[in-house]
Amino acid sequence: MILSQLHLPLTNKRTMTFLANPDWQHRTLLLAFPSGSVEEIGTVRFRVEPLPRDTDQDTVTVLVQSEAQPDWVSERLAERLNILESKQSSITWEGLRSGQMLRFRLRANPTVKRNGKRWPIVKDEELSAWLTRKLETGGSSLLDVTIIPEGKLVGKRRGESPAKTFHSIRFEGSLQVNDVSQFKELLACGIGSAKGFGFGLLSVAPI
C-alpha cells in the first residue's frame, strides 16, 4: 500500500470546488492513477483532514491510500487540482502485534439498513456501538473514542438526480489490536459505506 499526503491551497478556486463535492473529490483523485478498470487501479481510499482551529493555516491536507502508484503531477490531474506539495510513503503495517494499543482517526458515514434503505446513525451511543462492532470484526477492540459530527456532505454528478447525501462523523481515540491479520485487512479495506467518497480510511499511530 502507498500513503500519499497532499497539501492544497485554501485560497485556490480549484480547491474550493474539490472540497465542496465528495463525488468530485473521488473522480479528481482517480486522475492520478493509470487509466483502466477498477481492477487495474485497485483500492483507493482518501480523507480530507480537518482544519486546526484558531490558526491561520492556508492549506488543507488530503490523505490518499492506494494499491497503485499515483502520479500527482500528471497533466490530467493538474487541470482540476492545484497541489502545492505531495509526499509518499510505503505502508506494510509489519510492526503491528497482538495486544498493541494505537491511536486512530476515522471519518465515516455510519448507517443502518432498514426496509432496503440506508439510514444515518446519529446518536452517540449508537455510533459508539457501530464502531465497536466494526473494529471487533476487524480484529481489534475500541478503548476510547471522541465522536465529532461534521454535518452533511452532498455529492452530485452533473445531470444526476437525486444527489447523494452523507452524514460525516469523525472518530478519534484509541484501540487495541487483537488479531493482526484481520486488523491489517481492516486497514486495507476501510470501514463503513461510501468509501469512494472520502469515508472509511482508518489511520493509526503508536500511543
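1. Start with F183 in this predicted model. Setting aside neighbours within four places in sequence, F183 is in contact with L96, L102, G138, G139, S140, L175, V177, L202 and V204.

2. F183 also belongs to the largest nonpolar core, which has 24 residues. The residues with the most contacts inside this core are L131, L135, F171, F183 and L202. Several elements each supply at least two of the core residues: the strands β5 (101-108), β8 (140-155) and β9 (164-177), and the helices α5 (124-137) and α6 (180-189).

3. There is a second core, separate from that one. This core has 20 residues, among them L6, L31, A32 and V60.

4. Now look at the sheet. Which order do its 4 strands take? They run β2-β3-β1-β4, as an open sheet with antiparallel pairing. Strands of a sheet pair through backbone hydrogen bonds. β2 (44-48) and β4 (85-90) stand at the edges. Each has a single partner strand, so one side of each has no neighbour in the sheet. On average, neighbouring strands here are turned by 15° against each other, direction ignored.

5. Take one pair of strands, β1 (residues 2-9) and β4. They pair in the antiparallel sense over 6 bridges. To find a spot on this pair, look for H7, which stands opposite E85 in β4.

6. What packs on the sheet? Helix α2 (residues 22-29) does, touching β1, β2 and β3 (59-66). The direction of α2 makes about 130° with that of β2.

Key: Residues are numbered from 1 along each chain as its sequence is written. This is a predicted model: local features need pLDDT of at least 70, side-chain atom pairs count only at pLDDT 80 or more; totals for chains, interfaces and linings use all residues. Side-chain values use heavy atoms; hydrogens and water are left out. A nonpolar core is a set of buried Ala, Val, Leu, Ile, Met, Phe, Trp, Tyr and Cys residues joined through side-chain atoms within 4.5 Å. Buried means under 20% relative accessible area, exposed over 50%, partly exposed in between (1.4 Å probe, protein chains only). Contact means heavy atoms within 4.5 Å. Two strands pair if DSSP finds at least two bridges between them. Axes are lines fitted to C-alpha atoms, for helices over the stretch in contact, and angles run from 0 to 180 degrees between N-to-C directions.
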